[in-house]
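Here's a walk through one chain, from its overall make-up down to a few odd backbone spots. Keep the model open while you read.

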Amino acid sequence: MSFVRSIGASAPPGSLLTLRGRSDRAPGQAATLPRGTDVARQFQQAAGRPARFDFRDRGRYFRAFFSPGAEGAACWPRPCEPVGWRELFPHVTEADWRDWRWQQRHALRSPEAVAALVDLTSAERRGLELTARTFRLGITPYYASLIDRSHPFCPVRMQAIPVAAEAERVPGDLHDPLGEDVHRPARAVVHRYPDRALFLATDTCAVYCRHCTRRRITGGQEGAFDRAAAEEGLAYVREHREIRDVIVSGGDPLVLGDDRLGWLLRALREIPHVEILRLATRAPVTCPMRVDDALASLLRSMKPLFVVTHFNHLKECTPEAQEACERLVDHGVPVENQSVLLRRVNSSARNIGGLNRRLLSWRVRPYYLHQGDVVEGTAHLRTPLACGVQILEQLRGHTSGLAVPHLAVDLPGGGGKVTLQPEYRVGAPFDSGARGAPTLRANGCESAQPERSAAESKGERGTWFRNYRGERYLYREPPEADCSCPYDEVFFAGCGPVER
Ligand code: SF4
């Protein structure tokens with residue numbers, strides 16, 4: 001890094017230049033530079049060889065991302081922020097850009113189309129080649145316009161462009177990670193939980209996410225879902241009165257036009273025992289122009305219907321995405337978000353907290369943060385379980401509870417969802433002399449032993465907790481522990497078996 005020092009030595013204070021190696025070997029090396037410096041020339045002279053970098057002027061200082069090993073690349077300044085779509089697609093009219101069908105028709109579907117917009121790394125070139133037969137490639141021009149063309153760790157890029165690791169299988173990877181196929185009584189229906197069913201409306205998406213759990217379906221290997229498949233699925237839901245909640249998914253159901261989508265939703269809405277509809281879609285993220293007034297009105301007419309979307313990073317929170325989400329909410333359609341925790345994409349509290357606070361400001365409620373499913377080809381994007389717990393630990397207490405999602409693990413092979421959270425109980429609950437008291441499991445931490453002994457000696461019953469600052473608090477148990485509700489017998493009389 002001698003060139004960094006040489007720049008710094010010649011620069012008066014007042015501006016800061018941060019250099020960051022692409023390989024993460026020398027993050028955050030800093031040097032001062034006079035404002036207005038021709039950064040490109042400084043770099044070239046100091047490095048003594050061609051260099052490629054991006055920089056942005058943050059008003060008071062420059063922040064530059066420098067690729068020390070860029071072979072033979074010309075020195076060219078370019079903003080890290082995505083350039084406007086008009087620059088990327090100069091021949092596209094505003095009307096076309098805002099047309100969701102145009103976006104879908106013009107999705108980038110070949111390595112050549114992607115390479116024309118992005119400076120591909122060798123891992124990406126290889127990934128595009130190796131995955132061509134196993135999983136579809138598709139990136140709407142809108143989503144492509146969010147990609148940082150020169151930074152391989154751009155979170156949008158990592159979700160949309162495959163790398164060589166996607167072709168690898170590691171022990172534990174599964175083709176059908178959630179064990180759904182054994183619970184598919186009809187091709188379009190997965191019925192895994194007692195009162196909920198998943199309805200697969202299509203096998204296609206506007207953008208094919210590299211972390212997709214249902215890539216065995218969205219990969220196109222199964223074939224499309226036609227009207228006959230939908231009719232068969234509807235017949236199954238009609239026959240199964242225990243199904244109260246239907247999640248319309250796919251694929252992304254918003255790749256369908258309003259007519260086809262409206263037909264399916266109406267048919268489900270007309271089934272008397274279906275109380276709730278959910279529609280799982282990434283359209284607000286990948287093709288927000290899909291959410292127009294006509295669609296929002298259609299979804300409102302299917303109430304109660306919840307839209308469940310899938311933002312993973314603040315970079316996806318554009319004005320267009322905001323407009324799409326707010327349009328739904330303004331029409332009376334509740335919107336929730338499920339993020340997937342993706343290694344080196346959003347795997348920090350700063351990312352998840354920032355994303356969720358932004359979504360809340362749009363009235364989108366963060367719901368789940370999913371641990372990556374063990375779907376084959378995604379090991380490189382999965383985090384250790386401890387990562388998600390650590391993120392929750394850093395959020396809980398420090399930010400609004402509404403911005404703290406449930407951390408969910410969908411157990412491999414069809415075990416269903418469980419949630420994880422940091423352990424706040426300290427030591428075993430003590431006494432428990434109260435009759436019928438529910439048994440709480442201890443976490444084995446002995447550090448609260450002195451406090452516990454003191455409280456126990458006073459005849460108290462309770463559990464010690466630590467809060468988000470690490471301070472200890474005692475929750476005292478009430479004197480009575482019988483929690484049965486006598487009026488249930490009256491209120492629910494004649495309701496049949498106990499409903500949960
Ligand atoms: S939009 Fe959903 S179904 Fe489609 S590829 Fe992405 S994660 Fe998979």
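The report goes from the whole chain to the sheet, then a helix, the ligand shell and some unusual backbone angles.

**Ground rules.** This is a predicted model, in which local features need pLDDT of at least 70 and side-chain atom pairs count only at pLDDT 80 or more, while totals for chains, interfaces and linings use all residues. Residues are numbered from 1 along each chain, as its sequence is written.

**The chain.** You'll find 19 helices and 15 strands here. Both are DSSP runs numbered from the N terminus: helices are H or I with at least four residues, and strands are E with at least two. Of the 500 residues in the chain, 35% are buried. Buried means that 20 or more other C-beta atoms lie within 10 Å of the residue's own, exposed means 12 or fewer, and partly exposed is in between, with C-beta atoms placed from the backbone. As for contacts between residues at least 6 apart in sequence, 71% join residues at least 24 apart. A contact here is two C-beta atoms, placed from the backbone, within 7 Å.

**The sheet.** Nine strands make an open, mixed sheet, and the order is S5-S6-S7-S8-S9-S10-S11-S12-S13. Its edges are S5 (189–190) and S13, each of which pairs on one side only. Pairing takes at least two DSSP bridges between two strands. In general, strands of a sheet pair through backbone hydrogen bonds, either parallel or antiparallel.

Three of the pairings look like this:

| Strands | Sense | Bridges | One bridge pair |
|---|---|---|---|
| S7 (245–249) and S8 | parallel | four | Val-248 and Leu-279 |
| S11 and S12 (406–411) | parallel | three | Tyr-368 and His-406 |
| S12 and S13 (416–420) | antiparallel | five | Val-409 and Val-418 |

Back in S8, Ile-276 has Asp-245 standing opposite. S8 itself (residues 276–280) has four of its five residues buried, so the strand is largely enclosed by the rest of the structure. Over at the other end, S12 and S13 form a hairpin with four residues between the strands, and there Gly-413 takes a positive phi near 90 degrees.

**Helix H15.** Which side of this helix is packed away? H15 covers residues 319–330, twelve residues in all, and reaches 16 Å from its first C-alpha to its last, close to the 16 Å expected at 1.5 Å a residue. That expected span is 1.5 Å times one less than the number of residues. The buried residues in H15 are Glu-320, Ala-321, Ala-324, Cys-325 and Leu-328. They cover an arc of only 135 degrees around the axis, which puts them on the same side of H15. The arc is taken from the directions from the helix axis to the C-beta atoms. An α-helix has 3.6 residues a turn, so residues three or four places apart point the same way.

What covers those buried residues of H15? The cover includes helices H13 (283–286) and H14 (293–300), along with strands S9 (305–309), S10 (335–340) and S11 (364–370). Just after H15, Gly-332 has a positive phi of about 90 degrees.

**Around the ligand.** The shell takes in Cys-205, Tyr-208, Cys-209, Cys-212, Arg-214, Thr-218, Gly-250, Gly-251, Asp-252 and Arg-282. A residue belongs here if its C-beta atom, placed from the backbone, lies within 6 Å of the ligand. By class, the shell has four nonpolar, three polar and three charged residues. For that split, Ala, Val, Leu, Ile, Met, Phe, Trp, Tyr, Cys and Pro count as nonpolar, Asp, Glu, Lys and Arg as charged, and the others, Gly among them, as polar.

Two of these shell residues, Gly-250 and Gly-251, are joined by a cis peptide bond with omega near 10 degrees. Gly-251 sits in the loop between S7 and helix H12 (258–269).

**Other backbone oddities.** Another cis peptide bond runs from Lys-303 to Pro-304, with omega about -5 degrees. Pro-304 is in the loop between H14 and S9.

Then there are two arginines to check. Arg-344 isn't a glycine, yet has a positive phi of about 70 degrees; look for Arg-344 in the loop between S10 and helix H16 (349–361). With 13 C-beta neighbours inside 10 Å, Arg-344 counts as partly exposed. Arg-363 also has a positive phi, near 70 degrees, and lies in the loop between H16 and S11. Arg-363 is partly exposed, with 13 other C-beta atoms within 10 Å.
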